[in-house]
Each structure stands twice: as structure tokens, then as C-alpha cells.
Amino acid sequence: MPFFHGLLLAIGLILPLGAQNVFIFSQGALHPKFRMALPVIIAAALCDTILILLAILGVSVLIINIPILKTILIVAGVLFLAHIGWMTWRSSSGGQTVEEAERYSPLKQILLAASVSLFNPHAIMDTIGVIGTSSLHYNGADRWLFTLACILISWLWFFSLASAGRILGNLDSSGKLMKMMNKISALLIWASAIMLLAINASDLFN
């Protein structure tokens, strides 16, 4: 029961389109080979794993309740999301250019994936507000079964998302569809940054 509860809950939380999802999808489509997108997939999955574990252990609630740390997270999150949106907007369609290969090197993929995951308002609220709270219904082994299910869905989803992006990249020989997807992705990422700022405006400016 705890394992299946975790599976269903994680699926419901991770499916909605957000900055994290569109970034991973676009990276899968951008790179000519799937293995080149592995750094962003693994980094995002590891970050989600960390957020889930922090939520289960209650550590994330303590961090969010420390004003200075919360302010730093919010400001950094808005800046990172704005930067990622700009890079996605400028991405060319079709195959990966030399410039983009350098722009999305493994290290940059990891840093960008970590920022869009750890500073993602949806991910933080989902893990703290939903997964962390739901885990309180379980104790001992049941709680860890619930946690394992949430983490498993996260990893499977990110690999599937990047795979879907790679399929689109292969089918979109002209590059027009991918160019349009990049613009939409950038707008969604910027919208997430604006929402993060709006939600926390009272904390930042008071």
C-alpha cells in the first residue's frame, strides 16, 4: 500500500508541464545522441531524490523557515530560471551546432539541471507540501517504501521525457517544430520565474 501510494502520488505530481520538464525534454531533443543528454537527466533525477529525502526527513521545512536562506533561494531561483529561459530561447532548431555543444557541455548541463530542479517552485512545493506531508502517514519500513516509489517514478519519468524529446528531434528534420518548442519552453520557464517571484514578493520586499 505505501509503495503504490507513492507511485500514484509521484505520477500525479511530476506529469504537469513545468520549467524542469520542458528543460529536460528540450535537452533530449537538442542533442544528436541520447547519451549526450544523460548528464542533465541524471542531475535532475538526483536533485529530485535529494528534495524528496529532505522532505521525508523534514529538513526542507526547516530550511524554508529560515528567512535569509529562503531569500537566497528565491533570488537565485529567479536568476537561474531567467538565464535558462534565455538560453532555451536562443537555441537553434534541428541538430546541435558547435556553439550549442559548448553551451550545453556536461558540466553546464549538470549546473543548469540542478538549478532548474532545486530552484523550481513547483518541485519545492510538491516535495515539501505534498510528499513530505503524505509521508507522515507512514512509519519505519512503510515510509521508506513510500519514499522509494516516489524516487523511482522521478528517475523513470526523466529518462522517458528525454527519450520523447530525442524522438521529436529525429522526426523534426526541418527543425521548425523544435524551434517553436524552444520558444514555448523558454516562455514557460520565464513564467515559472515570474510566479516564483510573485508568490514570495511579500517575503522579499517587506
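These are numbered notes on the predicted model shown above.

1. Overall make-up. The chain holds eleven helices and zero strands. Read along the sequence, the pattern is therefore α repeated without a break: α-α-α-α-α-α-α-α-α-α-α. The chain has 206 residues, and buried residues make up 45% of them.

2. Contact range. Take the contacts between residues at least 6 apart in sequence. Of these, 84% join residues at least 24 apart. Two examples of distant pairs follow in points 6 and 7.

3. The core. The largest nonpolar core has 36 residues. Phe 23, Ile 131, Phe 146 and Phe 158 touch the most other members. At least two core residues come from each of α1 (2-14), α2 (19-30), α3, α5 (67-90), α7, α9 (140-171) and α10 (176-199). The largest share belongs to α9, with nine residues.

4. Aromatic pairing. How many aromatic pairs does the structure hold? There is one. Its partners are Tyr 138 and Phe 146, with ring centres 5.6 Å apart and 35° between the planes, a tilted arrangement. Tyr 138 and Phe 146 are both buried. Phe 146 also appears in point 3, among the core residues that touch the most other members.

5. Helix α3 and Asp 48. Helix α3 has 20 residues. From first C-alpha to last it reaches 28 Å, close to the 28 Å expected at 1.5 Å a residue. Gly 58 follows α3 and has a positive phi, near 85°. Asp 48 is found in this helix, which covers residues 38-57. Asp 48 deserves a look: the residue is buried yet has no salt bridge. The nearest side chain of opposite charge is Arg 143, 19 Å away. Because a salt bridge needs a nitrogen within 4 Å of a carboxyl oxygen, Arg 143 at 19 Å does not qualify. What does Asp 48 contact, leaving aside its neighbours within four places in sequence? The partners are Ile 14, Gln 20, Ser 154 and Phe 158. Phe 158 is one of the core residues named in point 3.

6. Helix α7 and Leu 112. Helix α7 runs over residues 106-118, 13 residues in total. At 1.5 Å a residue it should span 18 Å, and its end C-alpha atoms are 18 Å apart, so the two values agree. Buried positions in α7 are Gln 109, Leu 112, Ala 113, Ala 114, Ser 115, Val 116 and Ser 117. Leu 112 counts as buried because its relative accessibility is 8%, and the cut-off is under 20%. His 83 lies 29 residues from Leu 112 along the chain, yet their C-alpha atoms are separated by 9.1 Å.

7. Met 87 in α5. Met 87 lies in helix α5. Is Met 87 buried or exposed? Its relative accessibility is 9%, so Met 87 counts as buried. Met 87 and Ala 186 are 99 residues apart in sequence, but 8.0 Å apart in space, C-alpha to C-alpha.

8. Arg 166 in α9. Arg 166 sits in helix α9, the helix that gives the core its largest share. Arg 166 counts as buried because its relative accessibility is 10%. Leaving aside neighbours within four places in sequence, Arg 166 is in contact with Gly 28, Ala 29, His 31, Pro 32, Lys 33 and Phe 34.

How values were computed:
Residues numbered from 1 in each chain as written. Predicted model: local features only at pLDDT ≥ 70, side-chain atom pairs only at ≥ 80, totals over all residues. Heavy atoms only, no water. Helix = DSSP H or I, 4+ residues; strand = E, 2+ residues; numbered from the N terminus. Expected span 1.5 Å × (residues − 1). Buried < 20%, exposed > 50% of the residue type's maximum accessible area, 1.4 Å probe, protein only. Phe/Tyr/Trp six-rings, centres within 6.5 Å; stacked < 30°, edge-to-face > 60°. Lys, Arg positive; Asp, Glu negative; His and termini not counted. Contact = heavy atoms within 4.5 Å. Core = buried A, V, L, I, M, F, W, Y, C linked by side-chain atoms within 4.5 Å.
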